[in-house]
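Biologist: Before we talk about empty space in this protein, could you put the model on the screen for us to go through together?

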Amino acid sequence: MKFIVAVDKNWAIGHNNDLLISIPEDMEHFKKHTMGKVVLMGKNTLESFPGAKPLKNRTNIVVALETDYTVDGAIVVYNLEDALKEAEKFNTDDVYVIGGGSIYKQMMQYCDTAIITYIDHEFEADTYIPNLDEMSDEWYLADESEKQTYEGMDYYYRIYKRK
């Protein structure tokens, strides 16, 4: 499995159940990686999408704590164990964890690749993931793009691999 996320320089990922910033090129980057694949997310992440609808042209696995929660067009599970069982039905290279913070923290241990959009800026935030640069015993930076710029902010596409 992989996880894909945009982080700021403090490894923040969100504020008030929303992205820190929406960079059009990063949205295309996300689509390029996940289109036709499996995306695994928490209920709050799903509900932050337009119309709270699953992502098109992807298999959506949603983890919800409420056992009566259902979503048309998504596989809904009620714990991480069941999420992993659903994910195992697919090629693990095609499964992407896409948020939110709690799901990233709990699923990271099952991922071997992290696709990170690193934004060299500090945003107001309330949701963070572990800083992979500080986890050099487990992760290493395998690749980094040339510097990109959006509205005066530099950002990089990074690939981290589990050791």
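Biologist: How do the residues of the lining of the largest cavity divide into nonpolar, polar and charged?

Modeller: Bear in mind that this is a predicted model. A search of the whole structure finds 1 cavity of 30 Å³ or more, and about 40 Å³ of space lies in the largest cavity. Its lining is made up of Ala6, Ile13, Leu19, Leu20, Ile21 and Ile119. Ala, Leu and Ile count as nonpolar, so the division is 6 nonpolar, no polar and no charged.

Biologist: Which element gives the most to the lining of the largest pocket?

Modeller: About 1100 Å³ of space lies in the largest pocket, and of the 41 residues that line the pocket, the closest to its centre are Thr45, Ser48, Phe49, Ile98 and Gly99. Two or more lining residues come from each of β1 (2-7), β2 (12-15), β3 (18-19), α1 (24-34), α2 (43-48), β7 (95-99) and α4 (101-107). With 5 residues, the element that gives the most is α4.

Biologist: How many charged residues does the lining of the largest pocket have?

Modeller: The lining of the largest pocket holds 19 nonpolar and 15 polar residues. The remaining class, the charged residues, numbers 7.

Biologist: Is Asn131 buried or exposed?

Modeller: Asn131 is found in the loop between β9 (127-128) and β10 (139-144), where its side chain makes a polar contact with the side chain of Trp11 (3.1 Å). The relative accessible area of Asn131 is 19%. Because the cut-off is under 20%, Asn131 counts as buried.

Terms used. Residues numbered from 1 in each chain as written. Predicted model: local features only at pLDDT ≥ 70, side-chain atom pairs only at ≥ 80, totals over all residues. Heavy atoms only, no water. 1 Å grid on protein atoms, 1.4 Å probe; cavity = no way out; pocket = protein on both sides within 12 Å on 5 of 7 lines; lining within 4 Å. Points joined across faces, edges and corners; volume = space filled by probe spheres on them. Helix = DSSP H or I, 4+ residues; strand = E, 2+ residues; numbered from the N terminus. Buried < 20%, exposed > 50% of the residue type's maximum accessible area, 1.4 Å probe, protein only. Polar contact = N/O pair within 3.5 Å; in protein donor to acceptor, adjacent residues only side chain to side chain.
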